[in-house]
Amino acid sequence: QTSQTNWGELIRAAATNASLKHPYWPDIERVVAEQIRSARMGLGKGAWQLFVEDGEMKMYRREVEEDGLVVDPLKATHQVKGITGRELCHYFFYPEYRYDWEGTLETMNVVDKIAEDTIVFHQIHKRIWPTAQRDATFWSHLTHVPDEENKTDDSPHIWATINNSVDLPSYPPNVGKHIRIYLTIILMGQTVISPAAKGRELKRDDITCKITYCAVVNPGGWAPSSVLRAVYKREYPKFLKRFTAYVLEKTKNLPIKL
Ligand code: 6CM
């Protein structure tokens, strides 16, 4: 897929009518297209530094500060045998699983279920000492696009969930004891099927999910850089390992969902 790809068209084709009709849609389409385009670009030209390597999992960051606040973009890649991109994004998107795997969470509220593929959340995260506790309001969108690298008619789509902050009048920022954080996050999964599986029933051993996870989180207010960077260094790898182990466990006895 080249830069010519019309991501907007592909994203619209996968979306439900209820999402397409919602006032958020233009924003969702723009952010989702940007996130998919940049996640697919790999490391590109940016000055990414590898800060965690653990088996197939690699995590890179760029050190960036805005108004004295750490907003380091994170890019992680991973490969997990036995799950599909669709399954990966299913467990990341749907709220009923979130408390099972999200270790930084204190509370999660579904503010609005716009559609089967778009949900608005308010989340309160655990406090990082010595800073104020953080909360976030964001929409989350589940989508899938054809995988042009594996061009056969029946090759599985690339699946992605994108979370992006949104202002909600019902949850104004920074009024109580919580500081509002601003996030843009994508989790993307590409399913690769072993050629050996051709012509026979697919087994979990035949599939590998190539994962890309990118996150930019603005802490919204004062937090010491060294503390934030230390927390991210610990929490991002913990999240990706724990979450993928969770998806493996949940799906191991289920039929494969491509
Ligand atoms: O992407 C992740 N989770 C999603 C669903 O919850 C969502 C959340 C994003 C929030 C990320 C910012 C959290 C940082 C602030 C709290 C840190 C608490 C540290 C806890 C110390 C005990 O997109 C996975 C997010 C993984 C974050 C490291």
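Helix 6 gives the most residues to the shell around the ligand, four of them, so let us begin there in this predicted model. The shell holds 18 residues, and the nearest to the ligand are Thr-104, His-125, Lys-126, Glu-235 and Phe-239. Besides helix 6 (225-251), the elements that give two or more residues to this shell are strand 7 (118-125), strand 8 (134-145) and strand 11 (182-193). By residue type, the shell divides into 10 nonpolar, four polar and four charged.

Between two of those strands there is a backbone feature to look at. Pro-130 lies in the loop between strand 7 and strand 8, and the peptide bond that leads to Pro-130 from Trp-129 is cis, with omega near 5 degrees. For context, most peptide bonds are trans.

Now move to the nonpolar interior. The largest nonpolar core has 43 residues, and Ile-36, Leu-88, Cys-89, Ala-160 and Leu-187 have the most contacts inside it. Helix 3 supplies the largest share of this core, six residues. In general, nonpolar side chains tend to be buried together in soluble globular proteins.

Helix 3 deserves a closer look. Its 16 residues, 25-40, should span 22 Å at 1.5 Å a residue, and because the end C-alpha atoms are 22 Å apart, the expected and modelled spans agree. Buried positions along helix 3 are Ile-28, Glu-29, Val-31, Val-32, Ala-33, Gln-35, Ile-36, Ala-39 and Arg-40; Glu-29, Gln-35 and Arg-40 are therefore on the buried list too, a label that takes 20 or more other C-beta atoms within 10 Å. What does Ile-36 touch beyond its neighbours within four places in sequence? The contacts of Ile-36 are Trp-7, Val-145, Ala-160 and Met-188. Just after helix 3, Gly-42 takes a positive phi of about 70 degrees.

From here you can follow a run of paired strands. Strand 1 (residues 49-54) is hardly covered, since the count of buried residues among its six residues is zero. Strand 1 runs antiparallel to strand 2, and five bridges join them; at one point Val-52 stands opposite Met-59 in strand 2. These two strands form a hairpin with two residues between them, and Gly-55 in the turn has a positive phi of about 60 degrees.

Strand 2 (residues 57-61) is in turn joined by four bridges to strand 5 (residues 74-81), again antiparallel. Here Arg-61 stands opposite Leu-74 in strand 5. Strand 5 also pairs with strand 12 (residues 207-218), in the antiparallel sense and over eight bridges. Lys-81 has Thr-208 in strand 12 as its bridge partner.

Two loops complete the walk. Most residues other than glycine have a negative phi, which makes the next pair worth a look. Asp-67 has a positive phi of about 50 degrees although it is not a glycine, and Asp-67 lies in the loop between strand 3 (65-66) and strand 4 (69-70). Is Asp-67 buried or exposed? Asp-67 is exposed, because 6 other C-beta atoms lie within 10 Å and the exposed class takes 12 or fewer.

Asn-174, also not a glycine, has a positive phi near 55 degrees. Asn-174 lies in the loop between strand 9 (158-165) and strand 10 (179-180). With 12 other C-beta atoms within 10 Å, Asn-174 is exposed as well.

Terms used
Residues are numbered from 1 along each chain as its sequence is written. This is a predicted model: local features need pLDDT of at least 70, side-chain atom pairs count only at pLDDT 80 or more; totals for chains, interfaces and linings use all residues. A residue is near a molecule or strand if its C-beta atom, placed from the backbone, lies within 6 Å of it. Ala, Val, Leu, Ile, Met, Phe, Trp, Tyr, Cys and Pro count as nonpolar, Asp, Glu, Lys and Arg as charged, and the others, Gly among them, as polar. The expected span of a helix is 1.5 Å times one less than its number of residues. Two strands pair if DSSP finds at least two bridges between them. A nonpolar core is a set of buried Ala, Val, Leu, Ile, Met, Phe, Trp, Tyr and Cys residues joined through C-beta atoms within 7 Å. Two residues are in contact if their C-beta atoms, placed from the backbone, lie within 7 Å.
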